[in-house]
Amino acid sequence: MKNITIKFAIMNCILILFAGCGTSEPGTVETSDAAAPSDIGQGDDGIADTGYITVAQAKTVVLENAGLLEEDVRFVRIQLDSKDGASEYDVEFICQDAEYDYKVSAVTGEILSMDYEVGNYDLDTLPPDTTQSLNEQQDIAQGLTEQPDAAQNSGALPETDSQYIGSDAAKQIALNHAELTEDEVRFIHAHLELDDGSWKYDVEFLKDRTEYDYNIDAMTGRILSFDQDAEYDQYGAVSSTGNEQITEEQAKQIALEYAGVNEGDVQHLKIELDYDHGRGEYEMEWYVGRTEYSCDVDADTGSVLSFEKELD
């Protein structure tokens, strides 16, 4: 019996010795060539794979759509936002004669919406550190630098002091002050203006027969002035350029081509000619399957003024 006990003890020692073979020393972590820490979550270019297109790619998408070169514009806002569970870039930039506001899918690079406002801008008056701010955001989007906890929780890039608040935020500030909702009003415009050396958003909208006009600081969102006029004029059907307007059919073809949609796939198309401050524009809405499209086309020039698509 004593011999059996001794043999059993010896076998246990042998098993323990084999189990310990190959284990690391205390305080060390094993790695393999196939999954070294420096390779985890990185693509071929060494940039962390976030699953999103980069800021630079988002800029390329909107510039190609607008037919502009980067050296001819100034970006005043690029923000990664989340809407209805989907991530999108809010990209706002200006050139000498127009302001553009795009929403771009952060996953696919598809243009979700576009707003275009004619203006007259001096690009040299924009803050010099705006570009630096956007470069910092690009580093964050590519995973080269760490996001603050608040940004990680919200899925959005952090705001920076040198970025403008954006036309959407300016609209909301004006609506909150007027105690109205977006569904209750009709926006005439919300664009950047330079006044006494400072940039501001000029926001104008209508509610019934009342016109609201706000000037909002582009950096801080502070309301600089506001005006309410209950006796606004109804704008007549007169071309702002004095030239013959494009036809409804021409406007429809422009909108469908811009959206990349075949006319045979279009359902429930609605077209309306409206006038804002003497400028005629065709407002169109239609469906393709469950996707809803809306597009406004300038009745004088045929330019696309705004475009939006969303899954209904």
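**Exercise 1. Aromatic cluster**

Task: State which residues form one aromatic cluster in this predicted model.

Solution: The cluster is made of Phe75, Phe93, Tyr100, Tyr102 and Tyr116. One of its members, phenylalanine 75, also has a charge over its ring: the charged end of lysine 59 sits there, 4.9 Å from the ring centre.

**Exercise 2. A second lysine over a ring**

Task: Find the ring whose face lies under lysine 171, and give the distance to the ring centre.

Solution: The ring belongs to phenylalanine 187. Lysine 171 is at 4.8 Å from the ring centre.

**Exercise 3. Classifying two ring pairs**

Task: Give the number of aromatic pairs, then decide how the rings of phenylalanine 205 and tyrosine 212 are arranged.

Solution: Rings pair if their centres lie within 6.5 Å, and planes under 30 degrees apart count as stacked. By this rule there are 13 aromatic pairs. For phenylalanine 205 and tyrosine 212, the ring centres are 5.0 Å apart and the planes are at 15°, so this pair is stacked. Both phenylalanine 205 and tyrosine 212 are buried.

Now apply the rule to tyrosine 214 and phenylalanine 226. Their ring centres are 5.6 Å apart and their planes at 20°, so this pair is stacked. Tyrosine 214 lies in strand β7 (residues 210-217) and phenylalanine 226 in strand β8 (residues 223-229), so the pair ties together parts twelve residues apart in sequence.

**Exercise 4. Burial in β7**

Task: Determine whether tyrosine 214 is buried or exposed, and how many residues of β7 are buried.

Solution: A residue is buried under 20% relative accessible area. Tyrosine 214 has 2%, so tyrosine 214 is buried. In β7, seven of the eight residues are buried, and the strand is mostly covered.

**Exercise 5. The neighbours of β7**

Task: Describe how β7 pairs with β6 and with β8, and what lies in each turn.

Solution: Start with strand β6 (residues 198-207). β6 and β7 pair in the antiparallel sense over eight bridges. Within this pairing, tyrosine 214 in β7 stands opposite valine 203. The two strands form a hairpin with two residues between them. In that turn, aspartate 208 has a positive phi of about 55°.

Next take β8. β7 and β8 run antiparallel and are joined by six bridges. Isoleucine 216 has isoleucine 223, in β8, as its bridge partner. The hairpin of β7 and β8 has five residues between the strands. There, glycine 221 takes a positive phi near 80°.

Note on methods: Residues are numbered from 1 along each chain as its sequence is written. This is a predicted model: local features need pLDDT of at least 70, side-chain atom pairs count only at pLDDT 80 or more; totals for chains, interfaces and linings use all residues. Side-chain values use heavy atoms; hydrogens and water are left out. Rings of Phe, Tyr and Trp (its six-membered ring) pair if their centres lie within 6.5 Å; planes under 30 degrees apart count as stacked, over 60 as edge-to-face and the rest as tilted. Buried means under 20% relative accessible area, exposed over 50%, partly exposed in between (1.4 Å probe, protein chains only). Helices (H or I, at least four residues) and strands (E, at least two) are DSSP runs, numbered from the N terminus. A charge sits over a ring if NZ of Lys or CZ of Arg is within 6 Å of the ring centre and within 35 degrees of the ring normal. Two strands pair if DSSP finds at least two bridges between them.
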